[in-house]
Amino acid sequence: MSTSTPAMPRRIAAEFLGTFWLVFAGCGSAVLAAAFLNPAGLDLGIGFLGVALAFGLTVLTMAYAVGHVSGGHFNPAVTVGLAAAGQFRWRDAPAYIVTQVVAAIAGAGVLFVIASGRPAFDAVESGFATNGYGDRSPGGYSLLAALITEVVMTAVFLFVILGATDTRAPRGFAPLAIGLGLTLIHLVSIPVTNTSVNPARSLGPALFAGGGALGQLWLFLVAPVAGALIAGFTYGGLLGQNEPSAPLESATLA
């Protein structure tokens, strides 16, 4: 079996598809399905649990579908964290990050068009699955609480990714661990920040919600990257064994 790295255009296409799916389906679950009343007034919404599962499933499915092509980052913080850990080339990071941002905007744009098909929809009023703190936090949590949550959750997410792809870990199960890890992160942090751990995921919807969402966006660009760098720079010293982690290009293969 060939272990050569796919050409950059193929990797970019894979990152675009995966990030698009994460934002469209993950945020779509929150915008379209989290709360839903049928004509009889029965609540058929999926709630926080459903949204958490949706985000986890987007990463799980796309990690298996295209992770063997691009490594399955779908997240600028993951790209930066893996580069800090020595598992990804810094020179390739800009192309990945730009692609992830463009894909996130495209995913949010398609979701906006669909959501606008309902006459009462208003992206600003609804929040459009954006992240926030204070009066924009689902639970009214403070800036400090949001900052700590995003840094810690993203750091843990990178530890899961690096550990699941470690050459000592069981082969073929990395996407499952990563997807379930993201689900758990959402279960804990949706009430605090609506869960980012991904600057692209935060940026895409915020562009359509505008106003307060854009005013608080800085936190969800900075905190996930900080958390990813913490994990990337410390994983080897804390948990490594002088052996490199395997990128998802090979870690998805049994």
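Is R89 buried, partly exposed or exposed? R89 counts as partly exposed, because its relative accessibility is 39%. The cut-offs matter here: buried means under 20%, and exposed means over 50%. Keep in mind that this is a predicted model. My notes follow.

1. **The main core.** Start with the largest nonpolar core, which has 48 residues. Within this core, L82, F157 and I178 touch the most other members. Many helices feed it. Those giving two or more residues are α1 (8–33), α2 (47–70), α3 (76–84), α4 (93–115), α6 (143–164), α7 (174–193), α8 (199–209) and α10 (217–239). There is also a second, separate core of six residues. Among its members are A146, V151, L219 and A223. As background, nonpolar side chains tend to be buried together in soluble globular proteins.

2. **Helix α6.** Check the length first. α6 has 22 residues, so at 1.5 Å a residue it should span 32 Å. The C-alpha atoms at its ends are 31 Å apart, which agrees. Now look at what is hidden. The buried residues of α6 are A146, T149, E150, V151, M153, T154, A155, F157, L158, I161, L162 and A164. Their cover includes α3, α7 and α10.

3. **Helix α4.** Run the same kind of check here. With 23 residues at 1.5 Å each, α4 should span 33 Å. Its end C-alpha atoms lie 32 Å apart, so the numbers agree. In α4, A93, Y96, T99, Q100, A103, A104, G107, A108, G109, L111 and A115 are buried. The cover over these residues includes α1, α2, α3 and α8.

4. **A salt-bridge network.** The count of salt bridges is three. One of them joins the side chains of R11 and D92, at 3.2 Å from N to O. R11 sits in helix α1, while D92 sits in the loop between α3 and α4, so this pair ties together parts that are 81 residues apart in sequence. Both R11 and D92 are buried. For D92, the call rests on a relative accessibility of 8%. D92 also meets R89 in a salt bridge, at 2.8 Å from N to O. R89, as noted above, is partly exposed.

5. **The remaining bridge.** The side chains of D166 and R168 form a salt bridge at 2.9 Å, N to O. D166 is buried, because its relative accessible area is 5%. R168 is at 40% relative accessibility, so it counts as partly exposed. Shared partners join R11, R89 and D92 into one network.

6. **A buried threonine in a loop.** Find T130 in the loop between α5 (123–126) and α6. What is its burial state? T130 is buried, because its relative accessible area is 6%. Set aside neighbours within four places in sequence. T130 is then in contact with R136, T193, N194, R201, P205, A206, A209 and A213.

7. **A nonpolar patch on the surface.** Which residues make the nonpolar surface patch? They are L49, L53, L57, L184, L187 and V188, and the patch is about 550 Å². Helices α2 and α7 each supply at least two of its residues. Take V188 as a case to inspect. V188 lies in helix α7. At 47% relative accessibility, V188 counts as partly exposed.

Notes. Residues numbered from 1 in each chain as written. Predicted model: local features only at pLDDT ≥ 70, side-chain atom pairs only at ≥ 80, totals over all residues. Heavy atoms only, no water. Core = buried A, V, L, I, M, F, W, Y, C linked by side-chain atoms within 4.5 Å. Buried < 20%, exposed > 50% of the residue type's maximum accessible area, 1.4 Å probe, protein only. Helix = DSSP H or I, 4+ residues; strand = E, 2+ residues; numbered from the N terminus. Expected span 1.5 Å × (residues − 1). Contact = heavy atoms within 4.5 Å. Salt bridge = Lys/Arg side-chain N within 4 Å of Asp/Glu carboxyl O. Patch = residues over 30% accessible without salt bridge, like charges linked within 9 Å, V, L, I, M, F, W, Y side chains within 5 Å. Areas by Shrake-Rupley, 256 points an atom, 1.4 Å probe, with all protein chains shown as cover.
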